[in-house]
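Hi,

Here is the structure I promised to pass on. Have a look at it first, and my notes follow below.

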Amino acid sequence: MRSRRVGVTAVTVTTGTAFSVIAGLLLAACSGGTPVDPPSVPATGVPAQPDPRGMLAARVAVAKDQRYIAAYTLVVQGKAPRSVLVTVATDRTWRVDIQGGALGGTADVAIANRPEGVYQCSINPASGCVRVAASNKKLPVSIDPRLQYVFTAWLDVLLDRQVPLAVAPADPWRARRRRASRSSRA
């Protein structure tokens with residue numbers, strides 16, 4: 001019995017199996033019909049890489065149908081890292097909390113979309129919220145932190161295969177090393 005590794009799947013070929021395959025090929029060659037090509041085995045043994053655009057579309061499709069809460073760190077060159085908390089519900093309502101997202105980075109703010117409108121709220125227990133736009137409409141430029149679009153409007157764009165968009169897998173370790181080397185130079 002011989003074993004041969006092909007990609008990540010092990011194929012075991014016994015003497016009986018090998019004899020059966022060879023006999024079948026010889027009979028097919030002698031039958032006068034159309035010759036049958038044996039199944040090809042990739043020469044490299046390297047598994048095919050997944051399509052990054054397809055993987056992104058799959059994740060976006062799942063995100064559109066789910067409710068979730070996600071925490072992120074926003075890193076902008078020349079500014080301190082800021083925390084971002086995103087809450088999305090299945091009824092298409094959402095809230096994005098941005099540390100330092102208002103008043104030139106001095107105030108924490110939340111943008112929330114509800115059926116009755118889009119609200120801007122100061123993240124302070126004594127503060128309230130102000131309606132700043134109709135539901136699912138753009139905010140005035142002067143108060144728009146522009147972070148919410150990734151989780152609201154861009155999902156449809158990322159899902160559309162007709163939109164010319166280049167997608168490549170990221171190496172998070174490489175990005176961390178790059179940030180670390182920049183901060184050590186400062």
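Let me start in the middle of the sheet: Thr87 stands opposite Arg95 in β5. Before going further, a word on the ground rules: this is a predicted model, so local features need pLDDT of at least 70 and side-chain atom pairs count only at pLDDT 80 or more, while totals for chains, interfaces and linings use all residues. Residues are numbered from 1 along each chain as its sequence is written, and side-chain values use heavy atoms, with hydrogens and water left out.

The overall layout

The protein chain has four helices and eight strands (DSSP runs numbered from the N terminus: H or I of at least four residues for helices, E of at least two for strands). Along the sequence they come in the pattern β-β-α-α-β-β-β-β-β-β-α-α. Of the 186 residues, 21% count as buried (buried is under 20% relative accessible area, exposed is over 50%, and partly exposed is in between, with a 1.4 Å probe and protein chains only). The chain exposes about 13,900 Å², and carbon and sulfur atoms supply 59% of that (areas by the Shrake-Rupley method with a 1.4 Å probe; for residues, only the protein chains shown count as cover). Among contacts between residues at least 6 apart in sequence, 25% join residues at least 24 apart (contact means heavy atoms within 4.5 Å).

The sheet

Six strands form an open sheet in the order β3-β4-β5-β6-β7-β8, with antiparallel pairing (two strands pair if DSSP finds at least two bridges between them). β3 (68-74) and β8 (129-133) are at the edges with a single partner strand each, so one side of each has no neighbour in the sheet. On average, neighbouring strands here are turned by 25° against each other, direction ignored (axes are lines fitted to C-alpha atoms, for helices over the stretch in contact, and angles run from 0 to 180 degrees between N-to-C directions). As a reminder, strands of a sheet pair through backbone hydrogen bonds, either parallel or antiparallel.

Going strand by strand, β3 and β4 run antiparallel and are joined by seven bridges, with Ala71 opposite Leu85 in β4. β4 and β5 pair over five bridges, also in the antiparallel sense; Val88 has Trp94 as its bridge partner in β5. Next, six bridges join β5 to β6 (residues 107-114), and these two run antiparallel. There, Ile98 stands opposite Val109 in β6.

β4 has two faces: Arg82, Val84, Val86 and Val88 make up the covered one, and Ser83, Leu85 and Thr87 the uncovered one.

The turns, and Thr93

Which residue takes a positive phi in the hairpin of β4 and β5? That is Arg92, with a phi near 75°, in a hairpin with five residues between the strands. The hairpin of β5 and β6 has four residues between the strands, and there Leu103 takes a positive phi near 50°.

Thr93 deserves a look while you are there. This residue lies in the loop between β4 (82-88) and β5 (94-102), and is buried at a relative accessible area of 14%. The Thr93 side chain makes a polar contact with the side chain of Asp91 at 2.6 Å (a pair of N or O atoms within 3.5 Å; within protein, one must be able to donate a hydrogen and the other to accept it, and residues adjacent in sequence count only if both atoms are side-chain atoms). Leaving aside neighbours within four places in sequence, Thr93 is in contact with Thr87, Val88, Asn113, Arg114 and Pro115.

The disulfide

How many disulfides does the structure hold? Just one, joining Cys121 to Cys129 with an S to S distance of 2.0 Å (the cut-off is a pair of cysteine sulfur atoms within 2.5 Å). The link is right-handed, with 110° about the S-S bond. Its two ends sit differently: Cys121 is buried at 10% relative accessible area, whereas Cys129 is partly exposed at 48%.

One more residue

Ile143 lies in the loop between β8 and α3 (154-159) and is partly exposed, with a relative accessible area of 25%. Not counting residues up to four places away in sequence, Ile143 touches Gln120 and Val132. The C-alpha atoms of Ile143 and Val132 are separated by 8.9 Å, and the two residues are eleven apart along the chain.

Cheers
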